[in-house]
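Q: Could we go through the ligand site in this entry together? Please keep the answers brief.

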Amino acid sequence: MTAKVSASEIRAAFSGAMSAMYRNEVPAYGTLMDLVAEVNEETLAAQPDLKARLDATDTLERISEERHGAIRLGTAQELATMRRIFAVMGMYPVGYYDLSTAGVPVHSTAFRPVGEEALKRNPFRVFTSLLRLDLIADEALRQEAAAVLAQRQIFTPAALALTEKAEKEGGLATEDAARFVAEVLETFRWHDKANVELSMYHRLHDAHRLIADVVSFKGPHINHLTPRTLDIDKVQARMPDYGIAPKAVVEGPPTRKCPILLRQTSFKALEEAVSFQNGHGGWEAGTHTARFGEIEQRGIALTPKGRALYDALLDETRKHVRPAADGSNAQAYEQALAEVFKAFPDDWAQIRAEGLGYFSYSLTQKGANALPANTETDTLIAEGYICFDPIVYEDFLPVSAAGIFQSNLGDGAQQEFVASPNQKRFEADLGAAVLNEFDHYAGMEKASLAACLANFTQQTAAE
Ligand code: OOG
Ligand code: NI
């Protein structure tokens with residue numbers, strides 16, 4: 001039997017290939033990457049402590065690499081097949097996000113590596129949305145859109161064959177893995193020739209811009225990639241100097257000493273030339289706006305209690321000031337956000353004491369030398385035997401995601417849908433249940449504490 005390439009290696013190769021393709025397709029994205037690398041370098045130079053910490057826990061040279069991308073699929077079958085393809089790369093569906101409440105007719109999950117080792121090797125994930133034609137009022141248009149989608153095949157025959165092979169044989173050998181990456185990349189490629197006529201595109205677009213984006217094309221073009229920044233405010237502020245237009249506000253929590261969850265911002269999607277079918281076997285010129293670049297900065301994963309507080313504070317902020325798409329009240333929004341979030345503790349020990357966040361526990365030198373028996377965890381911490389570090393949030397936030405969607409659908413594209421989360425339907429279409437992210441973080445926390453305390457049992461047993 002030939003040796004198999006690990007799923008994480010395939011994912012790393014895929015993430016690299018995707019990055020190269022997207023930079024080439026969207027030059028503004030390359031500019032954003034350069035800006036992110038520059039700001040990350042400055043931040044590390046100014047904060048030697050941060051640099052030392054990242055050096056110990058992360059791979060410093062990969063700090064500015066892509067952390068995620070996003071696609072929008074049209075049918076249940078596309079989603080189910082995508083799940084099998086991502087599984088070959090060690091990416092599994094985590095979380096369910098209903099975006100209907102935010103005026104976007106999709107629901108989503110994030111395919112991502114699960115577990116510390118895999119995340120460390122390569123954290124690349126893909127936010128994957130499924131279009132919900134059921135939210136479109138116009139029955140005739142809904143049927144036409146479904147008919148167009150039923151005609152397309154977004155995967156290459158070789159991608160499907162290699163996925164089957166990987167499933168049967170428990171992985172892929174070197175050559176097959178390389179071929180797999182190249183074939184799967186095809187699904188994410190941009191197509192400047194539309195599947196539909198311009199008149200149909202306009203009708204889809206009028207129903208919702210996102211429907212036009214999904215239905216009009218041969219495949220689910222990657223619509224953005226997202227590197228990690230160590231200072232999101234700085235990158236946001238500098239984007240205009242680099243000739244790229246940032247969205248109005250940074251999504252998520254405000255700037256804090258102890259970062260929580262996820263902050264993200266993007267540059268606005270570009271208008272690109274597209275050829276539409278003219279109905280006589282020829283083409284007619286038009287444009288479409290879909291592709292952009294995004295950046296993210298992550299903080300601690302919150303417990304259900306912490307998350308409820310976060311959601312409540314965000315809600316309250318937005319009751320005072322709703323960020324306008326044109327940026328006219330961006331400053332007022334940021335001020336309100338900072339003010340309201342004063343109610344969220346900004347100190348690790350307090351966040352831990354109040355049960356708001358998940359932490360990873362480890363023994364200090366003192367604890368490794370000798371761990372006193374039958375002692376409460378809090379006492380072991382207070383006396384310096386055990387220390388705790390925040391567990392990083394690896395998932396997404398529906399309000400933030402909606403903000404990213406909206407800013408790229410153009411101003412004035414706001415639309416109301418009846419809130420209709422339907423996780424059961426999504427999972428039936430996916431062909432699997434999504435993992436619950438809270439269970440996952442709680443498990444990591446518990447395991448880290450158990451590992452500390454196991455040390456204690458071993459020592460006493462040896463005595
Ligand atoms: C996905 C938007 C959501 C994020 O980072 O929250 C997202 C999309 O526009 O397709 O990527
Ligand atoms: Ni994103």
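Q: How far is an oxygen atom of ligand 1 from an N or O atom in the side chain of Gln 264?
A: The separation is 2.7 Å in this predicted model. Two histidines also approach ligand 1 through polar side-chain atoms: His 68 lies 3.0 Å from an oxygen atom of the ligand, and His 224 lies 2.9 Å from one.

Q: What percentage of the area that ligand 1 exposes when taken alone is buried by the protein?
A: The protein buries 100% of the 310 Å² that ligand 1 exposes when taken alone.

Q: And where does ligand 1 sit?
A: Ligand 1 occupies the largest cavity. Strand E1 (66-73) and helix H17 (398-407) are the elements that each give two or more residues to the shell around ligand 1. Strand E1 gives the most, with three residues.

Q: How do the shell residues divide into nonpolar, polar and charged?
A: There are five nonpolar, four polar and two charged residues. Among the residues around ligand 1 are Phe 127, Phe 396 and Phe 405, as well as Arg 72 and Asn 223.

Q: Turning to the metal, which residues are the protein donors of the nickel ion (ligand 2)?
A: The donors are His 68 (NE2), His 224 (NE2) and Glu 294 (OE), at 2.1 to 2.2 Å from the nickel ion. Their spacing in sequence is H-x155-H-x69-E.

Q: Why does the pair His 224 and Glu 294 tie together separate parts of the sequence?
A: His 224 belongs to strand E6 (residues 224-227) and Glu 294 to strand E10 (residues 293-298), so the pair links parts that are 70 residues apart in sequence.

Q: Which of these donors are also around ligand 1?
A: His 68, His 224 and Glu 294 are among the residues around ligand 1.

Note on methods. Residues numbered from 1 in each chain as written. Chains lettered and ligands numbered in written order. Predicted model: local features only at pLDDT ≥ 70, side-chain atom pairs only at ≥ 80, totals over all residues. Heavy atoms only, no water. Near = heavy atom within 4 Å. Polar contact = N/O pair within 3.5 Å; in protein donor to acceptor, adjacent residues only side chain to side chain. Areas by Shrake-Rupley, 256 points an atom, 1.4 Å probe, with all protein chains shown as cover. 1 Å grid on protein atoms, 1.4 Å probe; cavity = no way out; pocket = protein on both sides within 12 Å on 5 of 7 lines; lining within 4 Å. Sits in = over half its atoms within 2 Å of the grid points. Helix = DSSP H or I, 4+ residues; strand = E, 2+ residues; numbered from the N terminus. Nonpolar A, V, L, I, M, F, W, Y, C, P; charged D, E, K, R; others polar. Donors = N, O, S within 2.8 Å, 3.2 Å for Na, K, Ca; no water.
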